[in-house]
Each structure stands twice: as structure tokens, then as C-alpha cells.
Amino acid sequence: MMKNIGIIIELDKGRIKETNFGMITLARAKDTELFAVVVDADAEIVKEELESFGITKIVEVSLAEDQQKNPVVRAKAIINVIKEYNICAVFGLSTAMGKDLLPRIAALLKASLVMDCYAVDIKQNLVKTSQYSGKTSATIKAAGDVLIFGVRPNAIEPVKASSLAEILKFDGTSLISKDLKVIKTGDTDTSENISLVEADVIIAGGRGMKNGENFTILSKCAKKLNGAVGASRVAVDAGWVPYSMQVGQTGEKVSPLVYIACGISGSVQHFAGMKTSGMVIAINKDENAAIMSNCDYYVKADALEIIPELIKHLGND
Amino acid sequence: MQIYVCVKHVPDSAANITIVEKNHIDENLTFLLNPYDEHAVTEAVRIKDSLPDAEIIVVCLGKDDAQKTLRSALAMGADRGVLIESNKNHDSIETAQALKTVIEQDGNPGLIFTGRESIDAEGMQTMFRIGALLDFPVATNVVKLDIEAGRAVVDSALSGGIANTYEMSLPCVIGAGRGLNTPRYPTFPDVVKSKKKSIKKIVFSDLKIESLAAGMNIVELEPLLQEREPKEIKGDAGEVAKKIVRILKEEAKVI
């Protein structure tokens, strides 16, 4: 039997974020119809791109203007779409936005939800995620009429598959939230920095950066690499950088293509946040630092000497 | 006002995890109060400082050993504890049902706290399920909380140091994030005092939780190893930089 799969597309400045394509690739399976759910964006604009990844239906959801950013209203709208089109599995990104949206949908539907997953077998309803501070991989059997999956950004390589998509309109303008109102939204649209969890390249600093000022060197380098800057807990606790930059157990969990660790020793808790990175390059003066034996490339040197050189050599790219 | 704080007894993040019986871990290791829940307890105590009539009740679903985690929360300033005893591991659907049932039986919540996630199961959803069952609004990863004129104004953190500000009616559910406060670690007198505080025990099976079609069962646990074979990049700073650029370009293909 044909299964209807819903995919919540995350947009940034009106464009589809790259990480959606890996998620669509993961959701694609035999005998499925893929419904891309687009909230408050023009489906016509994103149609061609979605078609190139196998989407066959695009549900354009419109919400009342003052409710667009309200996660409760968004959740309600998506629940209506799920019911309207008999959707039995929903995929969304395990980003900051997804962490505030997907559990709301699951809770209201009393449906299963696995966040931050990196493999889904839709035939058997088996899903893989990490547990115990990233030390174990758990295979979870999800049960129920509707299953919801929060997909770890960058975990799946996008593969194209062409299709033709039909646009369906869903009017959610009457939906409201009485008990939760949005006073102000953190404006991601004006933020120049690439989100840590979605960056392809992360350059992170630890104790070896010595002070907050030296992190500007990392920022410069990140800019050249089109990446983001991260930090270890030591650097955050020392007050050199804000907590939002922390990678690790009690910070962000990231899987970039490349993770460059500068002056980071590599505690168990730090690894919990970055061990699924594609390539790890460690730069550390201390050759006995844990990270030096658990990386792909290591440099025995002071990161403060290497990174400025790296910036120079990235210069004209 | 009664403030309920839902806490979890979790393995120390630095502990080595050994998998037994395919889908369990060897629990012969150090367990402690989930780090995010420390922020939840601390925030409840901070609110109580300005509302002296408030009572803080910590609730935990876990094995008998989880009393230690309740004691930690009591030492941090909570008034009393409730242990929902169960020898099984429960998914967040059952956990939320149990917590909701016990909170409703126990009192009249004005605020409910959880941590934004537990560091063992990393499910990130129990707070939303409690909220949905009680029809209370919910915010997670809360890094700033103000209670004023019968409402809660919260900053719910996104990535990159930015946050959404939500206003919620009370009662509401708050998933505490790390930026919310600096946990108050108990002094020796706090610990002594906490020993006199009560912990009520309730058996999970007595709650008669409704069994739902939905559920998340762990069928297998495997060590998550990332086998890497470190290769040294040698040379002076300039040579190293050149080699890194080449690796980024040719091998990682990110530039």
C-alpha cells in the first residue's frame, strides 16, 4: 500500500536550507508519496528544487500574518495537514526550530517521536539515534498511527531524484494560540552567522585559545571556510565566548563535514557533541591530548600560530 | 504556588557505558541528577525566593536508587520529593503520563519545570507531552524566565545566541536550558537539612497508566564508535596550513 510521508521543509530567507535535501533523501522509499509541507512561503518558488529531490506534492500552508512565527499555531497547522492527507510519517529537521516544533506535534497527537535520528527504516519503523552522551547508537522501534522523526542536520548525503510536483493549498489562517504568544522572534534572517548545527565546517576553540579575543581569529577563518565557530566547555566557562557556541554534552551536537579542533583536549563530554563529524582535524600543542588519538589529522602545534597561516592560504578562495 | 520540578536520575556523562542484554546498559556506574534538571531546580528555588509561600516538589520516575537524585534536588532547595518507582525503562509517552498523574494527585501546579533534555535518552519531548496532557503551554530550552502578573515571559533559545520571546499564561511548563542560571550547589548544612525532608514513594504500576498504540522501544544498543586513524600533518606553520587547505579542497571537498 502507498504510504503518505510528510516532510516539513525549513526555509531561510525564503530559500530552502541545504540540510532539507538529505532529509528528503532519507524519507524517500518504495511505494511512498512525498508531501513537502511549506509554511508561509510561495510553493511556486521552491517547486523546481523540491521536484529535483523526488517530491510529488507540495502543501503550501498559509497562516494569519501575526501567527506565522508561533510554534503552537505551526504545530496545529501541520497536524491538520497530517489528518487531511492521511500522512503516516512526518520528517522534520532536528534544528532549534525543529526541537520547538516536532515535539509539540507529537505531544498533541500522542504520537511517537525520535529526535536527532540519522537512519530511518520506514518499512519496519526502525530508527537510529544516539544515546548516553553520544556513546551508544540506539535502534528504536516506533509504534502508532503517525510516526515523527527529527532528522539530524547533515547526517544524510542528498541524492537527487526527479519528479513532478502538484501544489496543494492549505488554509490555516483561522488557527490561533491562546496560551502562548510570540513577543519577539530571534531574527535568524538578519544573522550573518551560519548556524552551528547546520554548518558544513566548524572551527572550534578550547583552552588553548587562551582568551576571548583570540576567537576572532577563528571567526575570520570560519568566514573564509563559510563555516561556523564552536567552543569547548572550558572556553565557555571561562567567559571567553557565549554558551550558544558550546559543542558537547551540554551544548550543541554537531555533525559537520569537517571539524577543526583548536587547542581542545577532547573530553568525553566534548566528543559527545562532535564525534559524528565527517573529518576531524586537531591542532594542539599537547600530543597527549585525547583528541590527538581520535581524529583524522593532527598537528602538534599552537593553533594560534597555525590558524593565521591557514587564513592566509585560504586568502583568494 | 506549588512548583513541580520533574527530574531524572541519569548515568554520569563521563562514565563508560557497557551494553548488556542487547538493549540495556550495565547500571553499575555513577548516576546523578540530570545536568539540565539542575538548572530547573535552581530556577524554582530562585522563584521561591520572591514567593516565600511557594512549595517546590521534585518528582522522579526511576528505580529505588533514584532517591539519591531526589536528595540532591532537596539539598539544592526543593521542599519535598516524590519517587515514582519502577524497575523498567519507560519511554517519554509513559513517563509524561506518570508525571502528569502524580502531579495532579499531589497538588495544584502553578509551574512545572523539566530540563530541556535528559543526557541519557536525549528525547527532548517529555515537557511537551506533560503540557499537552494538562493543556498547559510549554516552552523549551528556556534561558530566561520572568513571572509577572500571572504570566510567564520566557526566552527560548535558538542557535547562535538568539532566542524567541514567548509569553505564556500560567500554569505552564518550562524546559530549562543551560543558560537559564548557574546551578546552586548545596553546602554541607543544606545536605544535612535535606535528609529531614520527605520523599513519598508511589509504585508506577499503581498509577494504572493508559496503554497507548504509540510507543518508542529500544530494540538494540550498540557502542557508537567513530574509528579514526590519526595521521600527522608535519612541517612549519606555513607548510601545515598549505596541507590543510589541500585536505579541505581535495579530500573533504568543502572549499
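These are my notebook entries on the domains, the cavities and the chain contact of this structure.

**Entry 1: the model and its domains**

I began by noting that the model is a predicted one. I then looked up how chain A is divided, and I found domain 1 at 3–172 and domain 2 at 196–314. I wrote down that 10 residues of domain 1 of chain A and 12 residues of domain 2 of chain A take part in the contact. The C-alpha centres of domain 1 and domain 2 of chain A, I noted next, are 31 Å apart.

**Entry 2: what lies between the domains**

I recorded a buried area of about 920 Å² between domain 1 and domain 2 of chain A, with 43% of it on carbon and sulfur atoms. Which residues of domain 1 of chain A lose the most area to domain 2 of chain A? I found Ser133(A), Arg152(A) and Asn154(A), which together account for 47% of what the domain 1 side buries.

I next looked for charged pairs, and the count between the two domains of chain A came to 1 salt bridge. I also looked up Lys17(A), whose side chain meets that of Glu198(A) in a salt bridge, with 3.3 Å from N to O. For polar contacts I noted 6 residue pairs across the interface of domain 1 and domain 2 of chain A, both residues of a pair being at pLDDT 80 or more. On the side of domain 1 of chain A that touches domain 2 of chain A, I listed 1 nonpolar, 5 polar and 4 charged residues.

**Entry 3: the cavities**

I turned to enclosed space and noted 3 cavities of 30 Å³ or more, the largest of which has a volume of about 100 Å³. How many residues line the largest cavity? I noted 14, and those nearest its centre are Lys99(A), Asp116(A), Val197(A), Glu252(A) and Lys253(A). When I sorted the lining of the largest cavity by residue class, I had 4 nonpolar, 3 polar and 7 charged residues. I also checked which domains supply this lining, and at least three residues come from each of domain 1 and domain 2 of chain A.

**Entry 4: chain A against chain B**

I then looked up the contact between the chains, which takes 87 residues from chain A and 80 residues from chain B. Chain A and chain B bury about 7100 Å² between them, and I noted that 59% of this is on carbon and sulfur atoms. On the chain A side, Tyr132(A), Asp179(A) and Tyr297(A) supply 10% of the area buried against chain B, which is more than any other three residues supply.

I recorded 5 salt bridges across the interface of chain A and chain B. I also looked up Lys128(A), which forms a salt bridge with Glu222(B), their closest N and O atoms being 3.3 Å apart. Last, I noted 38 residue pairs in polar contact across the interface of chain A and chain B, both residues of a pair being at pLDDT 80 or more.

Conventions:
Residues are numbered from 1 along each chain as its sequence is written. Chains are lettered from A and ligands numbered from 1 in the order in which they are written. This is a predicted model: local features need pLDDT of at least 70, side-chain atom pairs count only at pLDDT 80 or more; totals for chains, interfaces and linings use all residues. Side-chain values use heavy atoms; hydrogens and water are left out. Domain bounds come from an automatic or database domain assignment. Contact means heavy atoms within 4.5 Å. Buried area is the accessible area (1.4 Å probe) that two parts lose on being put together, summed over both. A salt bridge is a side-chain nitrogen of Lys or Arg within 4 Å of a carboxyl oxygen of Asp or Glu. A polar contact is a pair of N or O atoms within 3.5 Å; within protein, one must be able to donate a hydrogen and the other to accept it, and residues adjacent in sequence count only if both atoms are side-chain atoms. Ala, Val, Leu, Ile, Met, Phe, Trp, Tyr, Cys and Pro count as nonpolar, Asp, Glu, Lys and Arg as charged, and the others, Gly among them, as polar. On a 1 Å grid over the protein atoms alone, a cavity is a set of points where a 1.4 Å probe fits but cannot get out, and a pocket is an open set with protein on both sides within 12 Å along at least five of seven lines; lining residues have an atom within 4 Å of a point. Grid points are joined across faces, edges and corners, and a volume is the space filled by probe spheres set on the points.
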